[in-house]
Amino acid sequence: MFVHWGLYALPARHEWVMNREETTVEEYSKYFRRFDPDLYDPNEWARAARRAGMKYVVLTTKHHDGFCLWDSALTDYKATNTPAGRDLIAPYVQALRDEGLKVGFYHSLIDWHHPDFTIDGVHPQRNATDVESVNAARDMARYREYLHGQVRELLSNYGTIDYLFFDFSYDEDEHAGFWGAKGAKDWDSETLLAMVRELQPDIVVNDRLGIPGDFVTPEQYQPAGPMMVDGAPVSWEACQTLNGSWGYDRDNLNYKSVDLLIRMLVDGVSKGGNLLLNVGPTGRGSIDPRALASLEGIGEWMQLHSRSIYGAGTSQFTAPPDTRYTQRGNRLYVHLFAWPFEYVHLPDLAGKVEYAQLLNDASEVFLQEVDPGQQAMNMTPGGQPAGTLTIKLPVQRPDVAVPVLELFLKPGDFND
Ligand code: GLC
């Protein structure tokens with residue numbers, strides 16, 4: 001579970017509100033003075049994540065607005081100096097560990113509050129009249145030191161951190177539209193990454209430092225297939241929102257249905273990826289009922305179907321239309337995005353399946369092969385291409401978001 005939480009939860013109109021509304025640091029400070037998350041209970045967050053079937057949580061330690069949720073020694077712009085009055089990261093880390101979840105941090109490379117971070121085309125002050133003179137007095141080397149120092153704090157003071165999501169680089173060659181774009185050189189990404197690995201040798205780090213990381217991060221789209229970089233397969237994780245915003249966005253009602261979210265999860269796993277699904281808690285620190293309902297819906301499905309997700313990935317077999325395959329060893333999972341009338345036909349699986357059942361209730365389904373030469377007639381369907389396995393389904397679709405068939409492949413008929 002991804003969690004975007006910070007001062008922007010108070011305006012409640014997207015985590016980029018400072019950028020969109022070109023808010024000055026001074027104007028934005030009204031949220032700093034009012035940040036009072038009286039309902040913040042990371043144990044609740046952790047329970048909601050675990051019940052939804054998630055294995056790790058990734059929280060914004062600092063987002064682009066520069067506000068820090070922990071008691072950093074390097075800035076006053078932190079939760080301890082707001083009405084919250086305390087470090088909010090320490091109890092978060094503890095709550096995850098208590099729930100048996102892995103601990104992840106998101107950390108923004110961008111900082112619209114720091115006095116040495118130069119104004120550029122994505123900065124809230126991009127249209128100010130004095131950009132040149134302001135920038136002349138700023139020193140990115142000092143910002144870099146701050147960035148590295150804060151990452152050092154985060155990775156030194158909270159025990160084992162399993163996952164780190166840096167965000168983001170916008171080099172000129174990739175983001176031609178932004179003037180003053182920033183990337184690996186500005187962050188000194190090589191040194192930063194080396195420090196991360198030294199402090200937390202087992203951590204996994206994303207790819208947004210402008211240099212390769214451990215996994216790639218498609219955002220708000222579903223890749224068309226397994227992801228590749230320079231022709232080689234790579235680990236990937238799609239980050240997705242519930243409604244198009246990451247931070248709490250009160251009036252944005254563009255919610256994805258639970259069915260769609262589950263199909264996105266399945267689709268990702270069928271292509272060898274993970275899903276990092278976001279919630280944006282409110283300014284009071286709780287996950288709002290709409291988001292909770294989505295998590296609960298996913299959890300309900302996961303309770304019966306997680307076998308088709310955990311440890312599963314791409315299949316050696318090709319899924320027919322309206323289905324997604326995931327595979328783990330000799331188990332092949334057929335996710336039915338549409339419920340056909342009585343029969344589903346699976347190419348190249350004839351003779352390769354020992355037993356098959358619906359996953360939600362372990363009820364047997366029958367296997368057959370239809371002679372390719374069979375002539376269609378009145379009540380007799382026509383033949384299927386050689387090698388096709390036909391499975392007979394009940395007329396009634398199981399009442400789950402995505403029904404799944406679990407196929408046990410015969411030894412020797414699958415790749416480990
Ligand atoms: C982005 C956005 C952002 C969000 C992130 C999540 O690049 O800047 O607001 O935190 O993606 O992946």
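Helix H3 passes helix H4 in a right-handed crossing, and in this predicted model the two helices, H3 spanning residues 42–51 and H4 spanning residues 89–98, pack at an angle of about 40° with their axes 8 Å apart. Because that angle is neither under 35 degrees nor in the range of 65 to 115, H3 counts as oblique to H4. Beyond this helix pair, the briefing covers a second helix pair, an open sheet, the surroundings of the ligand and two backbone features.

**Contact of H3 with H4**

- On the side of H3 the contact is made by Pro-42, Asn-43, Trp-45 and Ala-46, while H4 contributes Pro-91, Tyr-92, Ala-95, Leu-96 and Asp-98.
- By class, the residues of this contact between H3 and H4 comprise seven nonpolar, one polar and one charged.

**Packing of H9 with H10**

- Helix H9 (residues 258–270) packs with helix H10 (residues 289–305) at an angle of about 55°, and the axes of the two lie 9 Å apart.
- Which residues of H9 and H10 meet? Val-258, Leu-261 and Ile-262 in H9 meet Ser-294, Gly-297, Ile-298 and Trp-301 in H10.
- The contact of H9 with H10 divides into five nonpolar and two polar residues, with no charged residue among them.
- The crossing of H9 and H10 is right-handed, and the two helices are oblique to each other.

**The open sheet and the helix across it**

- Five strands, in the order S10-S11-S17-S13-S14, form an open sheet in which the pairing is antiparallel.
- Strand S10 (323–328) and strand S14 are at the edges of this sheet, and because each has a single partner strand, one side of each is left without a neighbour in the sheet.
- At the S10 edge, six bridges join S10 to strand S11 (residues 331–336) in an antiparallel arrangement, and Gln-327 has Leu-332 in S11 as its bridge partner.
- Between strand S13 (residues 353–358) and strand S17 (residues 404–409), which also run antiparallel, there are five bridges, and the bridge partner of Gln-357 is Glu-406 in S17.
- At the S14 edge, two bridges join S13 to S14 (residues 363–364), again antiparallel, with Leu-358 standing opposite Ser-363 in S14.
- The hairpin of S13 and S14 has four residues between the strands, and within this hairpin Ala-362 takes a positive phi near 50°.
- Helix H9, whose packing with H10 is described above, also lies across S10 and S11, where H9 runs at about 55° to S10.

**Surroundings of the ligand and a cis peptide bond**

- Around the ligand stand His-4, Glu-15, Trp-16, Asp-167, Phe-168, Glu-219, Cys-239 and Trp-246.
- How many residues of this shell are nonpolar, polar and charged? The shell around the ligand consists of four nonpolar residues, one polar residue and three charged residues.
- Two residues of the shell, Asp-167 and Phe-168, are joined by a cis peptide bond with an omega of about -20°.
- Phe-168 belongs to the loop between strand S4 (163–167) and helix H7 (184–187).

**A positive phi outside glycine**

- Ala-12 has a positive phi of about 55° although this residue is not a glycine.
- Where is Ala-12 placed? Ala-12 lies in the loop between strand S1 (2–3) and helix H1 (17–20).

Note on methods: Residues numbered from 1 in each chain as written. Predicted model: local features only at pLDDT ≥ 70, side-chain atom pairs only at ≥ 80, totals over all residues. Near = placed C-beta within 6 Å. Nonpolar A, V, L, I, M, F, W, Y, C, P; charged D, E, K, R; others polar. Pairing = 2+ DSSP bridges. Contact = placed C-beta atoms within 7 Å. Axes fitted to C-alpha atoms, helices over the stretch in contact; angles between N-to-C directions. Parallel < 35°, antiparallel > 145°, perpendicular 65-115°, else oblique. Left-handed = near helix turned anticlockwise from the far one by under 90°.
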